[in-house]
Amino acid sequence: MLKKNAFIASALLLAFSTLSGQTLAEETATTSGDTLRKIKARGELVCGVHPARHGFSSIDSKGNWEGLDVDFCRAVAAAVLGDAKKVRFTPLSTAQRFPAIQSGEVDLLSRNITASLTRDVSLGLNFAPPNFYTGTGFMVRASSGVKKVEDLDGATVCITPGSSTEQNVAQIFASRNMHYTPVVIENNKEYVAAYLAGRCDVIARDKVALPGVKNFDAEKPEDHVILPGIYSKEPLAMAVRKGDDQWYNIVKWVVYATFNAEEMKVSQANVDEQLKSADPDVQGLLGVSGDFGQKLGLDKQWAYNIVKQVGNYGDIYNRHFGPKSSEPLERDLNNLWTEGGLLYGLPVR
């Protein structure tokens, strides 16, 4: 009897385990792909962006969104919906950005976010490969006589709350045994205006954003000086909610596609001509051969649409930071790995 009861118990346990495994698999299958299905049903991508950061996301004189972060939203829309214009941009403050993606208010966060260990493991987010490398910088008035960070002991510093810059400033001053008084302001325009009005001695933010403050917001750009040096590691990356592996894969490979296209010299200007290329890597990227789009749950022209409608990484960078842009910046770390930079696209194969 004991053996019989044990056999029955084992059988029930096996059946329960099998059923549980099937249920878990079904739940996973239901979860993975939800974001893509919702976006296709809606007919547009909802993308969270910075309200006003020159070069990354801002509204031009015609009321159109522009910037590197904005273009990466459009690249995702081109890959997913076949149309880079099918994006609804949602401006988010520093305090709003993480709750917006966590709650599902936005499908994607493309908003000058620094990827870090704490954010990666504790916010319920997955970060795409960094698409811009920068670091904390400082700008002061030329009349202050300040030449380097070490001259800032005792200064008042304008910063935004909840940002990595706020943490970096504290570490920078502490490591040099220096003191400062923070002037913490959430609203981006008010934060910049506070510095320009003299409420603080120095403004701290990602160094790449300081030329915009100097050249666009300040009445006399020559009255302000950006101090030399970058004082933190700020790999900026898009973020999605955890739990939908397919959506994470799509966003991740959109970024890689822009890197790979530039490395293969496939640009917005020549992409149609490159459809005739005999290079198997180019053929795979542009959907001439292989089933790589299908593996992502997209059509075979997903990467072609990105390059044709938005461009490769170099096209995007030059549009907003290139020599002919309003804020020219050397690419430095934001160059391909073949050119001494950090951008490295995993192979599409």
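This briefing covers confidence, the nonpolar cores, one strand, one helix and a few single residues. The model is predicted. Its chain averages a pLDDT of 90, and 91% of the residues score at least 70. The largest nonpolar core has 58 residues. Apart from that core lies another, of 15 residues.

**Confidence**

- Over residues 1-30, pLDDT stays under 50. The model has two contacts beyond four places in sequence for this stretch.
- Where pLDDT is low, the predicted coordinates should not be read in detail.

**Nonpolar cores**

- Nonpolar side chains tend to be buried together in soluble globular proteins.
- In the largest core, the residues with the most contacts inside it are Phe132, Trp247 and Trp302.
- Leaving aside neighbours within four places in sequence, Phe132 touches ten residues that are listed here in two groups: Phe56, Leu68, Val208, Glu234 and Pro235, then Leu236, Tyr313, Tyr317, Phe321 and Asn334.
- The core of 15 residues includes Val140, Ala155, Phe173 and Ala204.

**Strand S8**

- Strand S8 spans residues 136-141 and is mostly covered. Five of its six residues are buried.
- S8 runs antiparallel to strand S11 (residues 202-206), and five bridges join the two. In this pairing, Phe138 stands opposite Ala204.
- S8 also runs antiparallel to strand S12 (residues 224-226), here with three bridges. Val140 stands opposite Val225 in S12.
- Two residues named in these pairings, Val140 and Ala204, are among the members of the 15-residue core.
- In a regular strand the side chains alternate between the two faces of the sheet.

**Helix H6**

- Helix H6 covers residues 164-175, twelve in number. From first C-alpha to last it reaches 16 Å, close to the 16 Å expected at 1.5 Å a residue.
- Its buried residues are Ser164, Thr165, Asn168, Val169, Ile172 and Phe173. Seen down the helix axis, they fall within an arc of 155°, so they line one face of H6.
- An α-helix has 3.6 residues a turn, so residues three or four places apart point the same way.
- The face turned away from the buried side carries exposed Gln167, Gln171 and Ala174.
- What covers the buried residues of H6? The cover includes helix H5 and strands S8, S9 (155-159), S10 (180-184), S11 and S13 (234-236).
- Phe173, one of the buried residues of H6, belongs to the 15-residue core.
- Just after H6, Asn177 takes a positive phi of about 55°.

**Other positive phi values**

- Most residues other than glycine have a negative phi.
- Asn112 has a positive phi, near 50°. Asn112 is found in the loop between strand S5 (108-109) and helix H5 (117-122).
- Is Asn112 buried or exposed? Asn112 is buried, with a relative accessible area of 7%.
- Lys265 has a positive phi too, near 65°. Lys265 lies in the loop between helix H9 (245-263) and helix H10 (271-274).
- Lys265 counts as exposed because its relative accessibility is 63%, and exposed means over 50%.

**Isoleucine 59**

- Ile59 is in strand S2 (residues 58-59).
- Ile59 counts as partly exposed, because its relative accessibility is 48%, which falls between the 20% and 50% limits.
- Leaving aside neighbours within four places in sequence, Ile59 is in contact with Asn64 and Trp65.

Note on methods:
Residues numbered from 1 in each chain as written. Predicted model: local features only at pLDDT ≥ 70, side-chain atom pairs only at ≥ 80, totals over all residues. Heavy atoms only, no water. Core = buried A, V, L, I, M, F, W, Y, C linked by side-chain atoms within 4.5 Å. Buried < 20%, exposed > 50% of the residue type's maximum accessible area, 1.4 Å probe, protein only. Contact = heavy atoms within 4.5 Å. Helix = DSSP H or I, 4+ residues; strand = E, 2+ residues; numbered from the N terminus. Pairing = 2+ DSSP bridges. Expected span 1.5 Å × (residues − 1). Arc of directions from axis to C-beta. pLDDT = per-residue confidence, 0-100.
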